[in-house]
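Biologist: I am new to this one and would like a close look at a single part, the place where two chains meet. Please show me the model first.

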Amino acid sequence: MTSEEMVLDQREVPVIAPGHTFASVTHKISAIVLERPLSVGWMLGFMFCGSLVLMLGVAIGYLVLRGTGIWGVNIPVGWGFAIINFVWWIGIGHAGTLISAILHLFRQQWRNSINRFAEAMTLFAVMCAGIFPLIHTGRPWLAYWMFPYPSSMGTWPQFRSPLIWDVFAVSTYGTISLVFWYTGLIPDFATLRDRAQNKYARMVYGLLALGWRGSAKHWKRYESAYLLLAGLSTPLVLSVHTVVSFDFAISIMPGWHTTIFPPYFVAGAIYSGFAMVLILAIPIRAIYNLRDMITERHLNNAAKVMLATGLIVAYGYFMEIFLAWYGPNLSDKLLVHTRFFGPYAGPYWALWICNIIIPQLLWFKKVRTSPVPLFLVSLVVLFGMWLERFVIVVISLHRDYMPSSWGMYYPTRWDWMTYIGTLGLFMSAIFLFVRILPMISIFEIRMLLPEAEVKRG
Amino acid sequence: MMMDPETKKQREDVCPGKKLELATVQAELAKVQGPEYWRSLEELAGSSEFREMMHREFPKGASEWVDAVSRRGFLRLMGASMALAGMTACTRQPVEPIVPYAKQPEEIIPGRPLFFATAMTLGGCAQPLLVESHMGRPTKAEGNPEHPAGLAGSDIFAQASLLDMYDPDRAQHPALLGDTRSWKAFSDAIRGPLASQKAVGGEGLRLLTPPVSSPTLADQLRALLQMFPKAKWHQYSPLHRDAVLGGAQMAFGQPVETQYRLEGADVVLSLDADFLAPTFPGALRLTRDFVARRNPDAAMNRLYVVETAPSPTGAKADHRLPLRAAEVEKFARALASALGISAGASTLSGEEAKWLATVVQELQAHHGASVVICGEHQPAAVHALAHAINERLGNAGRTVIYTETVHASPVDQTNSLRELVADMRAGKVEMLFILGGNPVYDAPADLDFASALKDSKIPVTVYHGLYENETAQLCPWFTHDAHYLEAWSDGRACDGTISVVQPLIAPLYEGRSVHELLAMMMGQGGVTGYEIVRDYWQKQNKAGDFEAAWRRALHDGFMAGTAYAPQAVTVKAANFGAAAADDSGLELNFRRDPCVLDGSLANNGWLQELPKPMSKMTWDNPAWIGPGMAQRLGLKSEDVVELELNGKKVRNAVWVQAGHADNAVTVFLGYGRRRAGRAGSGAGFDVYPLRTSDAPWRASGVKLSKTGDTYKLASTQGYQTIDTEVGAKPVMRAGSLEEYKQHPEFAQEMVEAPTPGLTLYPNVNYGKDPNFNALGYAWGMAIDQNSCVGCNACMVACVSENNIAVVGKEQVVRGRHMHWIRVDAYYQGDRANPSAYFQPVPCMQCENAPCELVCPVGATTHSTEGLNDMVYNRCIGTRYCSNNCPYKVRRFNFLLFQDFETPQLKMMRNPDVSVRSRGVMEKCTYCVQRINQARIESEKDDREIRDGEIQTACQQACPAGAIIFGNVNDKNSKVAKLKAQARNYSMLADLNTRPRTTYLAEVRNPNPELAG
Amino acid sequence: MAQIFHRSANALSKSSLVIVVLLAGAVFGGLFLFQRSPYITYAGVRRTQPVPFSHQHHVAGLGLDCRYCHTAVEVSAVAGIPPVKTCMNCHSQIWTNAPMLEPVRDSFRTGKPLIWSRANDLPDFVYFNHSIHLNKGVGCNTCHGPVDQMPLMYNESSLQMEWCLNCHRNPEQFLQPRDQVFNMRYRQPTSAKPVTVDGTAYTDQAELGRALVTKYHLRSERDITSCSTCHR
Amino acid sequence: MSNVHGLMAEFESSTDLMRAAEQTHKSGYREIDAYSPFPIEGLSEAIGFHNDRVPLVVLAGGIIGAATGYGLQYWVSTMAYPMNVGGRPLHSWPAFIIVTFEMTVLFGGLAAVFGMLGLNGLPEPYHPVFNVARFERASEDRFFLCVFSSDPKFEVAGTRRFLEGLKPLSVSEVPE
């Protein structure tokens, strides 16, 4: 888009609606946590998601008792839903860090009003993702062998394995996201502490605030720490999905062994991440009527990011086909043929529709700025990105080098229960989050207000 | 195991009144709780009534319960929770007991196996074996290389016989009407009736046995018939060779056994004879001699095969002509006439005529150095013709020799049984002893043995066998037999050589051999099988030192020089009957199942789960039809059809088999067993109802109709053609002799392997190095595809050696079979008559192993001698290694596949190999337990391991010597020499995995006349 | 606004952070030690046996050779637990009616084996071969400890993998001359009591070990730390 | 006057606070601090606080992380239990880069957060400034400047006069 279009944007929709003061933003956001009564809708939603979490518990319990065989996995398709969902969830997480870290580095002010819950989303997504590598092992109770510790066997992890890289990448990513998020919360905890009427609420928020008092010196160190965290998180978030892509790229399987995976996994991650951000933002801003802080400008920008990353992903798909056609490797050609016409051609073409064709609607500003269509497109993209992982994991494995060993993969009800269970876990966490934490960073919103400016002379 | 209504109905009426209702079960279970609950549930699940109940209540999901594996699922739940409990206390082990002998047999050294020579009799032919025994438990059967019939290597039946021996479903005590009785009670019960029979000279006494090759048994039977002069001895086996004997009778006027000497045959023509399959008499010897002539660097023989249903022999053919069985006869007659034998006119169409012409020309060109082998499914006339042809070609006495029959007193078994049934119906039978076999299940449908047995109220009927099977059901008295590893006996190998069958273990359930039973009948109670057999031979060997001879026979496993001498016979027959009239009706062919034969082995899980050579089918016997016919009728594999022949109807699933003759159906015997045991009952479809005494192998005019149902089949090889949508894959490589002569490296150059320099890392040097590979061994394997005949012996040997679990049909359908070595069958070219290739695939033991790289916990790493080690106890089961294995040789324990509960199965296991539990990966180890054993022994006496000292289980079992293992660093080792050959290639060499297992490309020897 | 917290809260909150860190360390260390404790390894734990057989009495006291009972030890993977017959060789003559030995006599009479409880018990997935270890100069007491001082049997060592590796990585620390492997009194050489092999007297284990490593053709460290050496 | 912790002046806007802070510092007060509901560019400099040492801490953390990461992998793969894995060399450095990187980020990130908290002396739930009732709006919309009694120039009456000269909304004592 051209520069004056950008200017237009600025003029049309500001990052925050006019008329707000320090007090008003503070009151509005903290009120959601401190004053707003529990709504029936929230209750029902939370209970529903909670029951899904119970289902997840059952699925995992039975898995541990009975064994991996309750899933659809087999030889040759040794990985199924578990890894698909893992990659999918991790990918979703990426948007949060991107918004809070990368956009912070680029001094994109509009991120101030969405970074908080985007980061929350990251945490919860990583939490859901983290479940899968653990339970997909045949003997989950021994998964701690993947961590380096002085065992009485004198054995250690095998550091050439991408799975070990995953362990380090994901746990680092989880930890850093958590502290990053918490750091951002400290000043707001102070606000809640000072505004809470309930004694215990003040206690709890008081402890969480660590005694923050907004001292200038503290702010100084705080800001540089925050900046450095952003600086560290940026390469981190890029590395995480790169490492995840190594799970496949390092192998020698046709359709996995390819150098274009890292960039297009990262792009795909951000793609799905922003889709999730929008899926959360659009209802939230309506329900808690935050349209004045999460404005059309935000939707628009997020949509633009989706469009851009979506195109990178499309490029990736085209390259796969091109390389197979151009390269000498028979197995790659066969793989592409299988994707086009094989038993899983359905999911493959659905992938094209969801990830490439439909998102082209985002070229239209009308779509980018009107919540409902945008919400729907985001849903489609989210599903499409899940399909992408299905295509990568299942199609590549079910027909590899050995015609004699070709097979099929059919998920069982336990696969579905586990997957849907994590969706429930994710949503329950979100439900809790919006009730007990300020879902928009109050102090950063204050900085957006005109009176935040120090007038000279 | 979804059951078709047919079987279901029969099932319910075999045990009437013993129906179990769901309510009853619940009531039963309500009584107990906790672990008790699971145990009693387990017991219930074992009972056949329960299985029927499940099938009535939940026809579909029943399998979940009855399935050999998941049946123990609930117990396993408990087990798993224990495991978790254990985990909380880190890795604490329970205190284990250790139990020494009270008085230790002096020959036993704890921890060292002993080997005993014995023999297994199957289909009347004794196969000499060496059986390994650990602390008195037989754990592994091998061929006996010392045996004159050149029987190194063994077959799937010998290997799998071990599981039969330990089968927990075997009958464990005599029974009267299904209620346990003692042996004494039995002997008391028959004493009276026998006495009264004796009075009337055995007027009403009848014996029914399978064909007998045991001299001792034959002698006992003669003795019995002297004692009861009017008694009759009938023989029947559904796999009878009446036609073969009939042919000999027709040709020579006397029944003679035909033996083939393929080492001298330049041209081999098979008339529907699958002589490379272990079910063919003398197959081990034939295989060995045949492959000896397949070396492209020496004078290579040429194999022509005319057959109906694709067989391993057809797969090895240089030229294969698919014909309906009836047309095979026409072909034979045409061939005979072409050679100037008056065999009745018969004309062939263009393509076949050309084929015939070429064959005739070839045969004549190799006078005395060719052989025509006729399959036992062909009628007597064709066998007679084959004899005539061989004589005319001067093969008789050279490549074809005739000997006395192996069977003691050969009879036309169909007639023999017919007479018995007639007598039964006529009420002449007062006492019937059925010694083995299973006539109620497998007798010709038209004789209707079952009803004959039910209707004719025979006062005393006794069934003597290993299992309480269908026949036992209808015989009031049941006595349980002893397995050959439990009892003394003897038998003749296919060349006539006598082997002594000596037991390795006392009968697990006090079963008694048929020898002991006969002795009991003759009032010689208390005499042991050992005494019976020994006394017989002592009588035979009056001259000379018997004791020494006997000891020697026991040690060697056979009596030297007892092989039959060739007989000089000449064809007397002038006419060979008239050519069968052409009929265009749909032809129905009966074949024994390649794994469970006539059904007698149906409860052997190893055989059930063993992929059949051509279809790679497990646990089932779908009907084969050709691709052309499938297209015409719009049938595809897994469709269920109804076969109707003279009024009888049978349902069966369809398998479209490439290369099957058109307008013909082939069904396989041995399935749809109703009382086989946990593994066998309910598996597959019973086709015996269609099989009549006049058409035992080939029937015409069968009606085939689609039912619209489908039936899940468990084939382990989903995709059987080597040509994929985008061209042939470089996995399996073969060429013609001509190609090879002009361009020996054709196989290697099919795919370009990257030069070592291309990779970032230097290759590890596995040479002798005091700081790395101190002894300088580098283990490797070479597999000669030219030799492999796809007999699967290696697979079962591997299962037996490495304690590999049986997973059941449900799991095989999901692609979770556990075989460490598999034999892939690939088809190439026209589906109507493709060329087929076998390729055994164990672990490639890659030097740059992709699996090792991706294991997060280092559970699979490389040994200094180049083995791709797999450490089960370190594995956490990410399955990444399997995903990254381009050869897909890794197997994963998706559930608790191993049976840790059944004591018999625990006794059976090889103590030198870990039994893998749930959630760990496993794979071929090159039998590392054997390598370590040999290395330790060699180190103790300070020498190098000799070439050939270590044999992997698959190598040892292979009758064709196709698998060679050894030290590739030793340039003089057999394996190194093979790898140095031009034909040697690595599978998927382009991936630079540097496999230690390599292949010698298959070279076929087509006739230029027919090429193209 | 009034203070929510008391002054002391500062000290508390700061120290609590430190405490959390210390606790984590303590838990980790605890597990480390627990896994190696006799509770897990049974090291030094005497087993109760059907007959209180004393190695001390029979070996140190009567001077029986290990091989008198453990007959298979030089030829087989397992050393072999003696059949009751072996006991009766002597005990049909002496202590013929000691009540303590009743189970032995009973077993001999009935042929019902005695059921001992295993003292040195490796996991089932470990394949240890006695004969080759003896052959390479690993003495009984190297692993089993001073059996001749054990009234009731117990396992001297943890028998954990790291313990095995300790020797498989540097065998020279433990090797002894072949003719000494059954000598329970054998002690490693000192300048006071040197050990002589092929005429050379060695005064310290390191030298002796190195000499024996060559003499007995021990395979390389990499060889005998390969997985398939012990696991199949 | 030991029972007074300092004097606190409350301001309307960031601009006022900034000006006040600059004047207070100019007029020689050193033991002072300014409080605002959001970070204000240049405020800390205004009260004479220039160098936060957070970046140094992070650098140290990162270096330690990198060393630990690579060191661990090198030691494990070549010394602790050298194993031939897929024919790769024991020290296959390209494979070790990723974990090294992750450890760098992990240690660096944690150093940033805990370094910041440590240097700020947090957690510190109790602080005298909280005794001032109006201070609760410091986390909302008010701006405060505090002169501590520890300042040599501090003297209740004088300092109060000085602060009132800065036109605050109010000046209040901060009791110990």
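How many salt bridges does the rule find across the interface of chain B and chain A?

Modeller: The rule finds one. The pair is A:Asp400 and B:Lys888, with their closest N and O atoms 3.0 Å apart. A salt bridge here is a side-chain nitrogen of Lys or Arg within 4 Å of a carboxyl oxygen of Asp or Glu.

Some ground rules come next. This is a predicted model, in which local features need pLDDT of at least 70 and side-chain atom pairs count only at pLDDT 80 or more, while totals for chains, interfaces and linings use all residues. Residues are numbered from 1 along each chain as its sequence is written, chains are lettered from A and ligands numbered from 1 in the order in which they are written, and side-chain values use heavy atoms, without hydrogens and water.

The model scores ipTM 0.92 and pTM 0.91.

Back to the interface. Chain B brings 62 residues to the contact, and chain A brings 58. Contact means heavy atoms within 4.5 Å. About 5,000 Å² is buried between chain B and chain A. That figure is the accessible area (1.4 Å probe) that two parts lose on being put together, summed over both. Carbon and sulfur atoms give 61% of it.

Now look inside chain B. Seven strands make an open sheet there, in the order β26-β20-β25-β22-β24-β23-β27, with mixed pairing. Its edge strands are β26 (698-700) and β27 (703-710), and each pairs on one side only. From one strand to the next, the twist averages 30 degrees. Strands are DSSP runs of E, at least two residues long, and two of them pair if DSSP finds at least two bridges between them.

Within this sheet, β22 (residues 623-625) and β24 (residues 648-656) of chain B pair in the parallel sense over three bridges. B:Ala623 stands opposite B:Val654 of β24(B).

Chain B also holds an open sheet of four strands, β39-β32-β41-β40, again with mixed pairing. The edges are β39 (963-967) and β40 (984-985) of chain B, each paired on one side only. Strand β32 (residues 779-784) of chain B runs antiparallel to β39(B), and five bridges join them. B:Met781 has B:Phe965 in β39(B) as its bridge partner.

Chain B touches chain C too. C:Asn135 is in contact with B:Glu939 and B:Lys940, and also with C:Arg178 and C:Tyr216, leaving aside its neighbours within four places in sequence. C:Asn135 counts as buried because its relative accessibility is 14%, and buried means under 20%.

Technical notes:
Buried < 20%, exposed > 50% of the residue type's maximum accessible area, 1.4 Å probe, protein only. Axes fitted to C-alpha atoms, helices over the stretch in contact; angles between N-to-C directions.
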